[in-house]
Amino acid sequence: MKYQNKTWFERAIFLSWYCSKADCKFCLMSTLRPFIKNPKKAKRHPASILAEALLCKILGWKIEFLSGGYESYTKKELLSLIKNIYKIYKKKLWLNIGVLDEKTLMLFKPYIIGVTGAVECINPRLHDYLCPSKPLDEIISMFKVCDKLGLKKSITIIIGLGETIEDFSLLKKFIAKHKLDKITFYALNPHPNTIFKKGPDPLYYAEWIRKTRQAFPELEIVAGSWVNRLDEISLLLKAGANGITKFPAIKLFSTEYAHKIEEQAELAGRKFIGTLTKLPKIDIDEEVNQLDLHDDLKEKIKIKLLSYIKQMKK
Ligand code: SF4
């Protein structure tokens with residue numbers, strides 16, 4: 001992918017609040033673990049997920065990946081969800097739901113473009129301390145299976161976990177060695193009850209993106225910001241990010257925050273694809289009736305879509 005004069009918003013579609021690992025030191029799931037012991041109760045309703053996928057399609061938001069903690073769904077449930085999202089979105093999806101084995105990847109292959117390995121921190125010593133239950137080796141093994149099956153590979157990296165810019169050489173080696181197609185950077189957003197108190201300086205965060213872009217002109221780079229850091233977006237785009245993620249786009253649709261993202265894109269000289277600010281006229285019946293899904297599920301999607309639209313109009 002060439003470094004372009006366009007940019008866009010990518011939405012991670014969140015599937016569940018449960019994660020069987022729940023011990024990564026920066027993660028919201030680790031703080032929720034004592035309260036969520038039953039994965040069944042932590043799942044979103046399929047209609048809510050499917051309505052969100054439909055909204056992504058209508059508003060021109062890319063689906064960054066389907067995201068969820070380890071073992072929050074059975075394989076059968078996941079397959080049904082992925083198939084239905086694919087039917088709605090009409091493009092193959094990225095998955096970021098933990099390490100998947102070959103049999104599972106084969107099963108999902110008709111509907112997915114690739115998988116995202118949640119590496120988070122490239123410094124191996126820090127990684128093992130921060131993510132004790134998800135060793136890098138497992139992600140690397142999954143990437144080998146992806147090569148065999150012809151699936152694309154991506155990773156997520158959080159900046160601000162204690163790494164330094166000297167660790168960039170490790171990231172450079174990792175991207176080259178595993179021939180990654182995409183990377184998503186996040187600036188650490190410290191959650192209450194974790195050991196972290198503040199996110200990284202925007203210039204330091206942008207430096208990781210700049211170095212990655214310089215080393216890999218064709219790599220797709222997505223950068224996460226947060227509502228309290230939106231002024232950094234033009235900096236991240238100028239540093240070489242293609243798209244922007246990690247914005248509560250439904251909740252904050254057309255607010256000053258959403259306008260700021262589009263303004264920041266303009267400031268960086270990019271044309272913003274899709275919209276975070278202008279709600280088009282949506283004929284819910286027409287949009288949903290045409291979907292190749294069961295009638296009772298369609299009715300539930302209509303109710304959910306209407307509630308999202310109402311929220312966005314507020
Ligand atoms: S594996 Fe992922 S979802 Fe689970 S605790 Fe770690 S970062 Fe959070």
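This is a short tour of a predicted model, with a suggestion at each stop for what to select and what to look for.

**Stop 1: the barrel**

Start with the strands alone. Select E2 through E9, and you will see eight strands closing into a barrel in the order E2-E3-E4-E5-E6-E7-E8-E9, with parallel pairing. Neighbouring strands of this sheet are turned by 30° against each other on average, direction ignored.

**Stop 2: strand E3 and its two partners**

Now colour strand E3, residues 62–67. Is E3 enclosed or open? Six of the six residues of E3 are buried, so the strand is largely enclosed by the rest of the structure.

On one side, E3 runs parallel to E2, and five bridges join the two. To find a spot along this seam, pick Ile 13, which stands opposite Leu 66 in E3.

Next, turn to strand E4, residues 93–96, which pairs with E3 in the parallel sense over two bridges. Select Ser 67 here and look for its bridge partner in E4, Asn 96. Trace the chain from E3 and you pass through helix H3, residues 75–89, before arriving at E4; this β-α-β crossover is right-handed.

**Stop 3: helix H2 and the loop before it**

Bring in helix H2, residues 46–59. H2 lies across strands E2 and E3, and runs at about 170° to E2.

Then step back along the chain to Phe 35, in the loop between helix H1 (28–32) and H2. Is Phe 35 buried or exposed? Phe 35 has 8 other C-beta atoms within 10 Å, so it is exposed; the cut-off for that label is 12 or fewer. While you are there, add Tyr 18 to the selection: Tyr 18 and Phe 35 are 17 residues apart in sequence, and their C-alpha atoms are 9.8 Å apart in space.

**Stop 4: helix H6**

Move on to helix H6, residues 136–149. Its 14 residues reach 20 Å from the first C-alpha to the last, close to the 20 Å expected at 1.5 Å a residue. Show the side chains of Ile 139, Met 142, Phe 143 and Cys 146, the buried residues of H6. Look down the helix axis: these buried residues fall within an arc of 105°, so they line one face of the helix.

What do the buried residues of H6 pack against? Select strand E5 (112–120) and strand E6, and you have the answer. Rotate to the other side of H6 to find Asp 137, Lys 144, Asp 147 and Lys 148, which are exposed. Before leaving, check the backbone at Gly 150, just after H6, where phi is positive at about 75°.

**Stop 5: helix H8**

Select helix H8, residues 202–215. H8 has 14 residues and spans 20 Å from its first C-alpha to its last, close to the 20 Å expected at 1.5 Å a residue. Its buried residues are Tyr 205, Ala 206, Trp 208, Ile 209 and Thr 212. Viewed down the axis of H8, they fall within an arc of 145°, so they line one face of the helix.

To see what covers that face, show strand E6 (152–159), helix H7 (168–177), E7, E8 and helix H9 (233–239), which are among the elements over the buried residues of H8. The face turned away from the buried side carries Leu 203 and Gln 214, both exposed.

**Stop 6: strands E7, E8 and E9**

Finish with strand E8, residues 220–224, which pairs with E7, residues 182–187, in the parallel sense over five bridges. Four of the five residues of E8 are buried, so this strand is largely enclosed by the rest of the structure. Two pairs are handy for lining up E7 with E8: Lys 182 has Glu 220 as its bridge partner in E8, and Ile 183 stands opposite Ile 221.

For the last link, select E9, residues 243–245, which runs parallel to E8 and is joined to it by three bridges. Centre the view on Val 222 and you will find Gly 243 opposite, in E9. Add H9 to the selection to complete the picture: E8, H9 and E9 make a right-handed β-α-β unit.

Methods
Residues are numbered from 1 along each chain as its sequence is written. This is a predicted model: local features need pLDDT of at least 70, side-chain atom pairs count only at pLDDT 80 or more; totals for chains, interfaces and linings use all residues. A residue is buried if 20 or more other C-beta atoms lie within 10 Å of its own, exposed if 12 or fewer, and partly exposed in between; C-beta atoms are placed from the backbone. Two strands pair if DSSP finds at least two bridges between them. Axes are lines fitted to C-alpha atoms, for helices over the stretch in contact, and angles run from 0 to 180 degrees between N-to-C directions. Two residues are in contact if their C-beta atoms, placed from the backbone, lie within 7 Å. The expected span of a helix is 1.5 Å times one less than its number of residues. The arc is that of the directions from the helix axis to the C-beta atoms. A crossover is right-handed if, with the strands pointing away from the viewer, the path from the first strand over the helix to the second runs clockwise.
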